[in-house]
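User: I'm new to this one and would like a friendly walk through it. Could we go step by step?

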Amino acid sequence: MAQLERLQKRIAQAGVASRRKAEEMIVNGQVKVNGKIITKLGKKVSSDDIVYVDNKKINEESFEYYLLNKPAGYVSSNRSYPNQPSVIELIKTKTRIFSVGRLDQDTTGVLLLTNDGELTQKLTHPKHRIKRTYAAWVKGIVNEDEIEQLTKPIRFDGEIYFPQAARILKVDQKRQESLIEITIAEGKNHEIKKILDFIGHPVIKLNRDMFDGITIGNLKKGQYRALSEQEVEKIKR
């Protein structure tokens, strides 16, 4: 007997969209199973069922996984805007891929891209506490007391942030700037910039050095490579 799985999972595994987006598509009447429109969540399908999204048959795709050293000036979106090219344009593939989470347009460094919607959802959901490490040039001279603040929960503007670790890498007395390393495990919107601004050291320049154990290595800005099988298995675990 063919194994059953939720319809939104099947759509996500086909690389069409994330599971959450797939749920929206189902409710909006964009999905058919064996020719019948499905609008209620909870539908389960087998490998024998034929699924259409926007009248296009979906297939189980082979997944692609890329590591990009994101340059400044690119948006982490599938769409380009005037004077805002997309990171997708930097990857040479015919597969519809998307970024795993987002980096601000002016933020650089480690960015994963894939067509694996299921994995993307797991890596970006705060409950999984995926560690991300950043190097940030900030205004002012950071002291050890302030670094200590970046290792404890911080509450402001109705939110609680949970930075994991921080340390001072370099101090430029002449420019009155500091380079610090900070690790977070939730990836809330603009989290690093908000935290550092809150302790009185606005970000000047921000680079993500590590995401879930994946680092840039020898990739220059704008360069990318496919993740190895070992790396893919590691982040899936």
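Here is a short round of questions and answers about this fold.

User: What kind of model is this, and how are residues numbered?

Analyst: This is a predicted model, where local features need pLDDT of at least 70, side-chain atom pairs count only at pLDDT 80 or more, and totals for chains, interfaces and linings use all residues. Side-chain values use heavy atoms, with hydrogens and water left out, and residues are numbered from 1 along each chain as its sequence is written.

User: Which side chain of opposite charge is nearest to glutamate 191, and how far away is it?

Analyst: Glutamate 191 sits in helix α5, residues 191-198 (helices are DSSP runs of H or I with at least four residues, strands are runs of E with at least two, numbered from the N terminus). Glutamate 191 is buried, meaning under 20% relative accessible area, with exposed over 50% and partly exposed in between (1.4 Å probe, protein chains only). It has no salt bridge, that is, no Lys or Arg side-chain nitrogen within 4 Å of its carboxyl oxygens. The nearest side chain of opposite charge is lysine 188, 6.4 Å away.

User: Which backbone nitrogen lies 3.1 Å from a polar atom of the glutamate 191 side chain?

Analyst: Setting aside residues up to four places away in sequence, glutamate 191 touches Tyr161, Phe162, Ile184 and Glu186 (contact means heavy atoms within 4.5 Å). The backbone nitrogen at 3.1 Å belongs to glycine 187.

User: How many residues of β14 are buried?

Analyst: Strand β14 has antiparallel partners: 8 bridges join it to β10, and 7 join it to β13, residues 165-172 (strands pair if DSSP finds at least two bridges between them). Alanine 136 has isoleucine 180 of β14 as its bridge partner, while valine 171 stands opposite serine 178. The strand is mostly covered, and the buried count is 7 of its 8 residues.

User: Which residue in the turn between β13 and β14 has a positive phi?

Analyst: β13 and β14 form a hairpin with 4 residues between them. The residue with a phi of about 60 degrees is not a glycine, and it counts as partly exposed because its relative accessibility is 42%. It is glutamine 176.

User: Is asparagine 83 buried or exposed?

Analyst: Asparagine 83 lies in the loop between β7 and β8. Its phi is near 65 degrees, a positive value in a residue other than glycine. Because its relative accessibility is 77%, asparagine 83 counts as exposed.

Terms used
Lys and Arg count as positive and Asp and Glu as negative; His and the chain ends are not counted. A polar contact is a pair of N or O atoms within 3.5 Å; within protein, one must be able to donate a hydrogen and the other to accept it, and residues adjacent in sequence count only if both atoms are side-chain atoms.
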